[in-house]
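I opened my notebook with two things to look up: enclosed space, and how some neighbouring strands pair. Here is the model I worked from.

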Amino acid sequence: LAGCAARTCALLALCLLGSAAQDFGPTRFICTSVPVDADLCTASVAAGGAEELRSSVLQLRETVLQQKETILSQKETIRELTTKLGRCESQSTLDAGAGEARAGSGRKQPGSGKNTMGDLSRTPAAETLSQLGQTLQSLKTRLENLEQYSRLNSSSQTNSLKDLLQSKIDDLERQVLSRVNTLEEGKGGPKNDTEERVKIESALTSLHQRISELEKGQKDNRPGDKFQLTFPLRTNYMYAKVKKSLPEMYAFTVCMWLRSSAAPGVGTPFSYAVPGQANELVLIEWGNNPMEILINDKVAKLPFVINDGKWHHICITWTTRDGVWEAYQDGTQGGTGENLAPYHPIKPQGVLVLGQEQDTLGGGFDATQAFVGELAHFNIWDRKLTPGEVYNLATCSSKALSGNVIAWAESHIEIYGGATKWTFEACRQIN
């Protein structure tokens, strides 16, 4: 009897421990019948197995709860670090912007934009001011050329206007310097930045127009094809448009003079878009990629290396039969290939733009793809030129041909956004 009582007490103790361990949710008791003559020790062994399983479940639950608490703690830490990192990045951007303004070299970061000057608001303020500084330098160079011209062609009216423009440029330089100093002291705000930029851009536009009026005086003294286009900044509003469109062509040769030191990539010297196809015919060097020719969105890489700040003459020939193309630099063939948009004629009635890549017909310009440098003698033929004909163009020979589809002439070009015309220099240097 005593042994039976001891076993009964042990069994009750196990039951009590089991019920005490169950601290999760409502509990319920499960009764298992045991024959009167059965050994309660055997029953206690079965109860012990159930207890071991219950203990494992509790341990797993405890582990899950601990991991959940750890994850919540880590999330909070990540949030704090993200906030601190954002503050550091904003501060470093401001410091870098001020440093670029002091160095006088700013460049818009890659991004997309439409054909509006307002897109420059996405550019950091100091970077925009640096671009304005470069524009001012370009205007000063043009004024120096005008001074040289006015010395040869004395005119009191020209000198008086030149002096007025020089004083306006000096005033704008003071405004830019004042804005840079404000940035360095950390006092600038987005509203003030916008107002300053609009004010200075308005003054620059006025200066461009008045200097262009002065430059028109030189137009009468030079042949209609002896001019170059200058694109001093990488913007999405500075470009030139060819007034004439292209006909349907089954072969072509396009040639031009280029001078650029832009990096990475000189940008887009020209693009031709037609309804339904913005990349009907495009020449582009974007980022760290080599220069490419696109025909109906098909691409061929070209062997040109031209961003050394020197004048280079380039030509590309193509025929729809087998898509055969040839590339010439400075009169020498440097590459050839085939299967470039074979049996696809160049479509007519499109828009031909110099200095920008078109994402839509006649627009959709992206500043990161804009051409920076000088461009001249852009000619197009509806046939493949011979190597001899290309050489004559590259050496400024008197036998050099003008394009029979697009011929380089001032009357054929419209300029926008501050792109400028000046007397072409490359052939003068060669001869």
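My entries below go through a cavity and then a run of paired strands.

**Entry 1, the model.** I am working with a predicted model, so I kept its confidence cut-offs in mind: local features need pLDDT of at least 70.

**Entry 2, the cavity.** I looked for cavities of 30 Å³ or more and found one. The largest cavity holds about 40 Å³ of space. Which residues line the largest cavity? I noted V242, L354 and F378, then I406, A407, W408 and A409, and finally H412 and I413. I sorted this lining by class and got eight nonpolar residues, one polar and no charged.

**Entry 3, strand β6.** Next I went to β6, residues 292–295, and checked where its side chains point. E292 and L294 point one way, while I293 and I295 point the other way. Are these residues buried or exposed? All of them are buried, E292 included. A pleasing reminder for my margin: side chains in a regular strand alternate between the two faces of the sheet.

**Entry 4, β6 with β5.** I followed β6 to β5 (residues 277–285) and found antiparallel pairing over four bridges. I295 in β6 is the bridge partner of L281. The two strands form a hairpin with six residues between them, and G287 in that turn has a positive phi of about 65°.

**Entry 5, β6 with β7.** How many bridges join β6 to β7? I counted four, with β7 (residues 298–301) running antiparallel to β6. Here E292 has K301 of β7 as its bridge partner. This hairpin has two residues between the strands, and N296 takes a positive phi near 50°.

How values were computed
Residues are numbered from 1 along each chain as its sequence is written. This is a predicted model: local features need pLDDT of at least 70, side-chain atom pairs count only at pLDDT 80 or more; totals for chains, interfaces and linings use all residues. Side-chain values use heavy atoms; hydrogens and water are left out. On a 1 Å grid over the protein atoms alone, a cavity is a set of points where a 1.4 Å probe fits but cannot get out, and a pocket is an open set with protein on both sides within 12 Å along at least five of seven lines; lining residues have an atom within 4 Å of a point. Grid points are joined across faces, edges and corners, and a volume is the space filled by probe spheres set on the points. Ala, Val, Leu, Ile, Met, Phe, Trp, Tyr, Cys and Pro count as nonpolar, Asp, Glu, Lys and Arg as charged, and the others, Gly among them, as polar. Buried means under 20% relative accessible area, exposed over 50%, partly exposed in between (1.4 Å probe, protein chains only). Two strands pair if DSSP finds at least two bridges between them.
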